[in-house]
Amino acid sequence: MKPVPEFKKNILSRAATPYRDLPASVYALFTATVVNGTGIFVFPFLALILTRRFGLSPKETGDILFLTTIAYVPGNLIGGKMTDLFGRKRVMMISQFLSALMFVPCGFLSDPYMIAGFVIASVFFDGITDPARQAMSMDVTRPENRQTAFSLIYMGHNLGFGIGQLIAGFLFAAAPSWLFWGNACAACAALVLVGVFIPETLPSREELELSMLSDSTEKALDGGLFRALLSRPRLLVFSFLITFYGFAYAQHRFALPMQAGELFGDDGARLFGFLMTMNAVLVIILTTPIVALMKRFAPIFNVAVAGLLFAFGFGILAFARSPWVFFMSTLIWTTGEVLNVTNERVYVSNHTPMSHRGRFNAVLPLVTGLGFSISPPVGGRIADLSGIPSVWIMVSSAAALAALGLFYLGVWERRRNFA
C-alpha cells in the first residue's frame, strides 16, 4: 500500500482541524445524520412521483405538498411540549420510528391519493421528532462551538443526501417502491445510532436554576411559552424575515424539478438528481472554508448575505434554457444555503432559553416554515397561469426583501450593543 503523500496529509489535517475536540455526542449526531440523510428519497422526488409517475397536475401536486407541510404543524407543537417534559431521546426514538413506518405501505400502493395520505402521516410524526432532534443538538453544544458543531452536522446531512440522491435517481426509474422502503430503513438505522451512543440531554432542574443566576441569553425562564417568546422580540422578528427564505428555498424541490422536466423530458429527472447531488457535494466542499471565512462576522449579517445569494441564484433560473444555467444557479444558491444554515441556527440557539428549547424549536419553525409551506401551492398556481419563469422572479424578490430586513436588524442590534 502506498503511503499518503505529506501534502495530502496536511490538506486532510487542515480540513479536520475545526472539528476536533467537539463533544462525543456531536460526532454521534453527525454519524446518525449521515445515515438518515442517505435515505431521504421520498420528499425530494415527491413532485416527480406525483406528476410523472401518476400524472397529477402541478396544481394537484402543489396542493398535496401543501397538505404534507400542514400536517407537520400539530406534530411539531406536540413534539415541542413533549420534548421539554419527557426528554429529547425518548420522544425522538418513538416518533421517528413511527414516521419511518408510514412509508412502508406506500411501496405497495398504486393510488397516489392513498400514498399521499401515508406521506402526510409520516410528516406528522416527523414533526414530533424535529423539536427533540434540534433541542438535543443545542443541549450538547455551547455558543463558542455551536457554529462548528452545527456545520459538521449539516455536512453530515449533505454527505448522506448526496449519496442518497444518486441512489434515488436510479430507484425512481428502476424500482420506485424502494424510494419508500429505503427511506424507512435508513431512518431506523439512524435511530439505532442515537439509541446506543447518545444519552438523554434534557437539562436537570438544578441546571435550569443555576442558569437563571447568569446573564446568558440562553438562561432558563419560569413560566409558559408565550412569556418566553415575548422575552425574545428580536428573535421573533428574525424568524419572521427568515420565512421569506423558506418561501424561496422550497421551490428547489417544486419548480426546479418541474422546470427540468419541461425542458428536458425524461432527462429532467436525471438532471434534477444530479443537481441535488451537486448541491450536497458543494455543501461538503464549501462549508469549512465558508465557516472559517465568515466566522468573524455576526451570524445575522451572514444570514442576510445568504438571502442575496438566494435572490440571485434562484432569479437566474427565470432565464434558464440549458443545463449550464442550472449548474450555475445551484452553485450560487448552495453557497447561500451554507451561509444560512451555519448561521441561522446559531442565532436562534444563542437566543433560546434552555428551559424552552423543545417548545421554541416547535413554534419558531412554524413561523419560519410558513413560507416553505405556502410556496408549492402558490408556485403551482403561478406556474399554471404564467409559467415557471414567473415563479423564480417572485421568489427572488421575496429573498432580496428579507435580506435587506435582516441587514437592518443587524445594524440596529450593533448600534445598541446587543449580543
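This is a short walk through the structure above, from the overall fold down to a few side chains. Keep in mind as you read that the model is predicted.

Let's start with the fold as a whole. The protein chain is built with 17 helices and zero strands. Its C-alpha trace spans about 60 × 60 × 45 Å along the principal axes. A compact globule of 419 residues would have a radius of gyration near 22 Å, and the protein chain has 21 Å, so the value agrees with that picture. Burial can be read alongside this: 55% of the 419 residues count as buried. The contacts tell you how the chain is wired together, too. Taking those between residues at least 6 apart in sequence, 85% join residues that are at least 24 apart.

Now for the outside. The accessible surface of the protein chain comes to about 18,100 Å², and carbon and sulfur atoms account for 70% of that. As for charge, the chain carries 32 positive and 24 negative charges, and the mean positions of the two sets are 5 Å apart.

Aromatic rings make a good next stop, as a search of the whole structure finds 19 aromatic pairs. One of these joins F108 and W181, with 4.9 Å from centre to centre and 50° between the planes, a tilted arrangement. Where do F108 and W181 lie? F108 sits in the loop between helix 5 (88-101) and helix 6 (112-139), while W181 belongs to helix 8 (residues 177-197), so the pair ties together parts 73 residues apart in sequence. F108 counts as exposed because its relative accessibility is 63%, and the cut-off for exposed is over 50%.

Another pair brings together F124 and F125. Their ring centres are 5.2 Å apart with the planes at 70°, so this pair is edge-to-face. The two residues fall on either side of the 20% cut-off for burial: F124 is partly exposed, with a relative accessible area of 25%, whereas F125 is buried, at 19%.

Aromatic residues also gather in a group: Y245, Y249, F310, F314, W333 and W392 form one aromatic cluster. W392 leads us on to our last stop, since W392 is also a contact of Q259. Is Q259 buried or exposed? Q259, found in helix 12 (residues 255-264), is buried, because its relative accessible area is just 3%. Setting aside neighbours within four places in sequence, Q259 is in contact with L317, A320, F326, I388 and W392.

Notes:
Residues numbered from 1 in each chain as written. Predicted model: local features only at pLDDT ≥ 70, side-chain atom pairs only at ≥ 80, totals over all residues. Heavy atoms only, no water. Helix = DSSP H or I, 4+ residues; strand = E, 2+ residues; numbered from the N terminus. Rg over C-alpha atoms; globule rule 2.2 N^0.38 Å. Buried < 20%, exposed > 50% of the residue type's maximum accessible area, 1.4 Å probe, protein only. Contact = heavy atoms within 4.5 Å. Areas by Shrake-Rupley, 256 points an atom, 1.4 Å probe, with all protein chains shown as cover. Lys, Arg positive; Asp, Glu negative; His and termini not counted. Charge placed at Lys NZ, Arg CZ, Asp CG, Glu CD. Phe/Tyr/Trp six-rings, centres within 6.5 Å; stacked < 30°, edge-to-face > 60°.
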